[in-house]
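Subject: Structure for you to look at

Hello,

Here is the structure I said I would pass on. Please open it next to this email and follow along; my notes come after it.

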Amino acid sequence: MPNVVIVGAQWGDEGKGKVVDRYGARASWVVRFQGGNNAGHTLVVDGRETILHLVPSGILHPDTRCAIGNGVVIDLRVLCDEITALKAQGVDPTNRLFVSYGAHLIMPYHRRLDLARERFRGVDKIGTTGRGIGPAYEDKIARRGVRIADLSDPERVRGLVEQRVAELNALLVANNDTKPYQRAEIDSLVQETVELGQELAPYFANVGEQLAKASRDGAQILFEGAQGVLLDIDHGTYPFVTSSNTVGSNAATGTGLGPQHLGRVVGITKAYTTRVGAGPFPTELHDALGEQLRENGREFGATTGRPRRCGWLDFVALRYAVRVAGIEQIVLTKLDVLSGLDQISICTGYEIDGERFTTYPDNAHDVARVTPVYEMMPGFADIRQARNIEDLPKNARAYVDRIAEELNVSLALLSVGPGRGEDIEIVDPFQS
Ligand code: IMP
């Protein structure tokens with residue numbers, strides 16, 4: 001049976017948390033491989049809402065083990081708080097949550113630099129989540145980051161922090177942050193990092209080795225992607241992207257396994273499109289319809305609470321996502337949010353300077369210049385009670401069939417409500 005990689009096929013917030021929750025029950029392991037606490041997964045279980053930013057959502061299944069791979073960037077305070085909150089809800093992650101020694105830390109100065117830069121950029125800002133993601137990945141690539149493995153040696157942590165802060169102070173000043181780090185602040189920062197490291201030490205592990213062993217023993221692994229393909233650092237709408245690779249292939253690099261372990265890539269897409277933060281969004285609706293989608297779909301960020309920009313489904317972007325992320329199956333979420341509309345539009349092509357395209361522009365800057373070309377489909381009434389594909393009204397069925405046909409993928413699951421079980425399962429990606 002294949003392992004499964006879950007990726008967001010749009011700009012994040014596709015409802016991956018609910019899907020991972022469902023498939024996590026069938027997996028022995030759920031593993032995150034990139035991103036950090038810029039992600040936010042809202043899960044509704046028995047009417048109770050749990051928002052997880054860092055810990056894989058599989059943790060809510062008592063028999064599932066969870067890992068945070070080397071490709072993730074970790075804010076120790078957030079990890080600590082999430083574990084405490086889970087314990088308070090009766091979910092004990094001890095011996096079920098494993099954090100890679102190779103993962104890099106998001107330090108408090110990364111958050112500060114992220115925020116200072118965004119303020120300084122003004123109208124040109126990226127609209128980051130302000131969690132320090134970009135600066136933490138910058139330090140990783142520049143070979144000056146602090147990793148989980150360093151935490152066992154307080155002097156090493158101090159050395160790395162002191163070296164970094166010396167340079168960083170100049171950067172903060174250049175970005176109009178008038179309070180460079182002082183000695184006492186550096187000392188308390190190092191102390192807090194080391195103390196958090198001691199508290200979290202029972203969770204630190206050689207994740208790659210554990211996964212390889214689990215795989216040899218026949219375990220099913222679910223790789224949980226964060227953000228979405230269009231936010232990928234290489235393939236997304238650069239520079240309005242996150243700082244990691246969100247495509248399926250990074251599930252190997254970000255966990256320490258070879259690509260033969262990845263199995264099937266399942267792309268999660270909403271039945272419409274949303275985006276938070278700045279950057280091009282061809283099918284964005286700036287009218288009352290956009291507002292209606294935002295209200296009906298409760299489109300407010302799980303991490304930052306920001307209202308999400310809403311628009312129609314975009315086949316050009318989705319075909320591109322299917323290609324670059326290797327998506328073979330699709331989970332279509334929030335189909336119920338479209339209920340009650342007279343007509344539904346789907347973007348089937350782009351026009352630039354009067355010329356029509358059906359493939360994504362080579363130059364990411366051109367995405368901001370396109371005029372979408374739409375095809376109309378008739379709307380449908382309430383579908384929240386549907387549990388089989390046959391239960392769907394004719395027009396809803398036509399809409400989902402159109403998506404599968406256009407993207408040349410099979411449909412694995414349709415989500416028709418936010419709660420556990422409000423779905424129509426078509427195929428099981430672990431089996432098929
Ligand atoms: P960063 O990842 O905080 O650096 O933010 C970079 C861009 O990615 C911004 O446009 C964010 O809004 C977006 N982003 C980051 N994480 C998520 C997510 O989990 N969902 C949706 N957008 C995200």
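I will start with a residue in a loop. Lys334 is partly exposed, with a relative accessible area of 22%. Bear in mind throughout that this is a predicted model. Lys334 sits in the loop between strand S15 (327–333) and strand S16 (343–352). Its phi is positive, about 60 degrees, although Lys334 is not a glycine.

Asn408 is another residue to look at for its phi, which is near 55 degrees, a positive value in a residue other than glycine. You will find Asn408 in the loop between helix H11 (394–407) and strand S19 (410–415). Is Asn408 buried or exposed? With a relative accessibility of 68%, Asn408 counts as exposed.

One more loop is worth a stop. The peptide bond between Tyr238 and Pro239 is cis, with omega at about 5 degrees. Pro239 belongs to the loop between S10 and helix H8 (250–253).

Now the sheet. It is open, has 10 strands and mixed pairing, and its order is S9-S7-S5-S2-S10-S1-S11-S15-S19-S20. Which strands form the edges? They are strand S9 (204–205) and strand S20 (423–425), each of which pairs on one side only.

Helix H1 (residues 16–24) packs on this sheet and touches S1, S2, S10, S11, S15, S19 and S20. The direction of H1 makes about 170 degrees with that of S1. Helix H10 (residues 315–325) packs on the sheet as well, touching S1, S11 and S15. For H10, the angle with the direction of S15 is about 135 degrees.

Within the sheet, take strand S10 (residues 221–224). Its residues Ile221 and Phe223 point one way, Leu222 and Glu224 point the other way, and all are buried. S10 pairs with strand S1 (residues 4–8) in the parallel sense, over 3 bridges. With strand S2 (residues 29–32), S10 also pairs in the parallel sense, over 4 bridges. Glu224 is a useful marker here: Ile6 stands opposite Glu224, and Glu224 is the bridge partner of Arg32.

S1 also runs parallel to S11, and 5 bridges join the two. One pair of bridge partners is Val4 and Arg264, the latter in S11.

Strand S11 (residues 264–270) holds Thr269. Thr269 is buried, with a relative accessible area of 0%. What does the side chain of Thr269 meet? It makes a polar contact of 2.9 Å with the side chain of Gln10. Leaving aside neighbours within four places in sequence, the residues in contact with Thr269 include Ala9, Glu14, Leu313, Leu318 and Ile330.

Last, the cysteines. How many disulfides does a search of the whole structure find? It finds 0. A disulfide is a covalent bond between the sulfur atoms of two cysteines. Why is Cys66 not in one? The closest cysteine sulfur to that of Cys66 is in Cys80, 17 Å away, so the two are too far apart for a bond. Cys310 is in no disulfide either, and the nearest cysteine sulfur, that of Cys347, is 16 Å away. As for their surroundings, Cys66 is buried, with a relative accessible area of 0%, and Cys310 is buried, with a relative accessible area of 1%.

Regards

Note on methods:
Residues are numbered from 1 along each chain as its sequence is written. This is a predicted model: local features need pLDDT of at least 70, side-chain atom pairs count only at pLDDT 80 or more; totals for chains, interfaces and linings use all residues. Side-chain values use heavy atoms; hydrogens and water are left out. A disulfide is a pair of cysteine sulfur atoms within 2.5 Å. Buried means under 20% relative accessible area, exposed over 50%, partly exposed in between (1.4 Å probe, protein chains only). A polar contact is a pair of N or O atoms within 3.5 Å; within protein, one must be able to donate a hydrogen and the other to accept it, and residues adjacent in sequence count only if both atoms are side-chain atoms. Contact means heavy atoms within 4.5 Å. Two strands pair if DSSP finds at least two bridges between them. Axes are lines fitted to C-alpha atoms, for helices over the stretch in contact, and angles run from 0 to 180 degrees between N-to-C directions.
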